[in-house]
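User: Hi! Could you take me through one part of this protein in some detail, namely the empty space inside it and what surrounds that space?

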Amino acid sequence: MGNTDNKLFTYLTIVFFLLFFGLLGYWVYVNFLAYNEDLAYVFTSVYCTIAFVGGILGLKSAKYWGGSSSKIGKALLFLSFGLIFQFAFQISYSIYYFVLGIENPYPSVGDIFYVLGNLTFLLGIIKLYTVLFQQNTASYNVRLLGFLISVGLVITYITLYIKYVYSPEVFQIDSTKAIIVFLIDAITVTINTAMFYLIANSFVISLKYMGGILRGPVLILLTSVLLFYVADIEYTISDGLGNWKPAGIDDFLLFMAYTAVGIGIIKFKKAYDKLV
């Protein structure tokens with residue numbers, strides 16, 4: 001890659017971290033110094049920009065690793081598209097609120113992008129896992145994978161039980177909506193459980209792969225998966241109890257998850273630089 005590509009990646013990295021610190025400072029200001037719902041909705045609407053910049057960084061990082069012609073390149077492409085889908089998801093919710101005047105329209109068309117984002121994240125982690133394991137992953141710890149996914153489903157059912165017991169009007173108003181909400185929640189938590197299993201195994205393997213050069217990036221991705229998981233559980237419970245608010249804990253966790261994926265992508269670029 002030429003100096004122009006390296007400079008562009010460096011500039012995007014600077015923009016990424018400026019966004020992170022700026023948005024983090026704004027969240028602290030809104031939540032601890034001067035909470036106002038309108039100001040809070042600004043954070044909820046704009047923090048997805050860090051996912052977009054992270055996605056662009058991922059596309060550039062994938063190019064260094066060979067793009068779609070290499071397994072790591074494909075993994076980074078999937079992770080990048082996952083961030084971009086998440087950006088589209090949050091922008092759609094902003095349009096609902098600021099243009100259509102609908103607050104928190106869950107579920108909505110925007111949730112299609114949310115599910116697609118989770119699926120592409122999962123594909124990226126599966127691709128990374130196959131690179132590191134270098135074997136037929138379908139025959140590796142299948143029982144353990146099934147167990148962990150089952151645990152994820154149990155957690156999902158518990159959180160949905162809380163949601164529907166304390167918010168039964170969801171069923172009373174529109175049963176179709178209730179089914180869609182349940183499916184989105186169940187699919188999301190199950191995907192996050194599978195991602196955690198795969199990325200945790202990937203981290204263990206990465207300790208020795210290529211001399212441990214991918215240990216840092218994979219550890220950061222592991223952190224991001226945990227953040228996604230907790231953010232989803234937090235939103236499901238708070239929405240069910242009727243105490244969801246903009247710029248709340250779930251938004252903060254999702255913001256940090258986006259940031260962690262972006263940092264992991266940057267770390268993959270640094271790992272590439274060490275190899276060449």
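Analyst: Happy to. Helices here are DSSP runs of at least four residues, numbered from the N terminus. With that in hand, and keeping in mind that this is a predicted model, let us start with the whole chain and then move inward.

The protein chain has ten helices and zero strands. Of its 276 residues, 50% count as buried. Among contacts between residues at least 6 apart in sequence, 78% join residues at least 24 apart.

Now to the empty space. Rolling a probe the size of a water molecule over the atoms shows where empty space is left. The count comes to two cavities of 30 Å³ or more, and the largest cavity has a volume of about 430 Å³. It is lined by 26 residues, and the closest to its centre are Phe89, Tyr93, Tyr235, Asp250 and Asp251.

Which helices supply at least two residues each of that lining? They are H2 (37-46), H4, H5 (110-133), H8 (175-206), H9 (215-241) and H10. H4 gives the most, with five residues.

Tyr93 is a good place to pause. This residue is in helix H4, and it counts as buried because its relative accessibility is 16%, where the cut-off is under 20%. The C-alpha atom of Tyr93 is separated by 8.8 Å from that of Val109, a residue 16 places away along the chain.

H9, another of the lining helices, also holds Ser224. At 3% relative accessibility, Ser224 counts as buried. Leaving aside neighbours within four places in sequence, Ser224 is in contact with Ala257, Ala260 and Val261.

H4 and H10 turn up again around helix H3. What covers the buried residues of H3 includes H1 (3-32), H4 (71-98) and H10 (249-275). H3 itself runs over residues 49-64, and its 16 residues reach 23 Å from the first C-alpha to the last, close to the 22 Å expected. Its buried residues include Ile50, Val53, Leu57, Lys60 and Tyr64. Just after H3, Gly66 takes a positive phi of about 105 degrees.

Tyr64 also has a charged partner: Lys269 lies over the face of its ring, at 4.7 Å from the ring centre. Lys269 lies over the face of Phe9 as well, at 5.3 Å from that ring centre.

Finally, the aromatic residues. The structure holds 22 aromatic pairs. One of them joins Phe20 and Phe21, whose ring centres are 5.0 Å apart and whose planes stand at 65 degrees, so the pair is edge-to-face. Are these two neighbours buried or exposed? Phe20 is buried, with a relative accessible area of 11%, whereas Phe21 counts as exposed at 55%. Both belong to one aromatic cluster that also includes Phe43, Tyr47, Phe121, Phe228, Phe255 and Tyr258.

To put the part you asked about in one picture: the largest cavity, of about 430 Å³, has Tyr93 among the residues closest to its centre, and H4 gives the most to its lining.

Terms used. Residues numbered from 1 in each chain as written. Predicted model: local features only at pLDDT ≥ 70, side-chain atom pairs only at ≥ 80, totals over all residues. Heavy atoms only, no water. Expected span 1.5 Å × (residues − 1). Buried < 20%, exposed > 50% of the residue type's maximum accessible area, 1.4 Å probe, protein only. Contact = heavy atoms within 4.5 Å. Phe/Tyr/Trp six-rings, centres within 6.5 Å; stacked < 30°, edge-to-face > 60°. Lys NZ or Arg CZ within 6 Å of the ring centre and 35° of its normal. 1 Å grid on protein atoms, 1.4 Å probe; cavity = no way out; pocket = protein on both sides within 12 Å on 5 of 7 lines; lining within 4 Å. Points joined across faces, edges and corners; volume = space filled by probe spheres on them.
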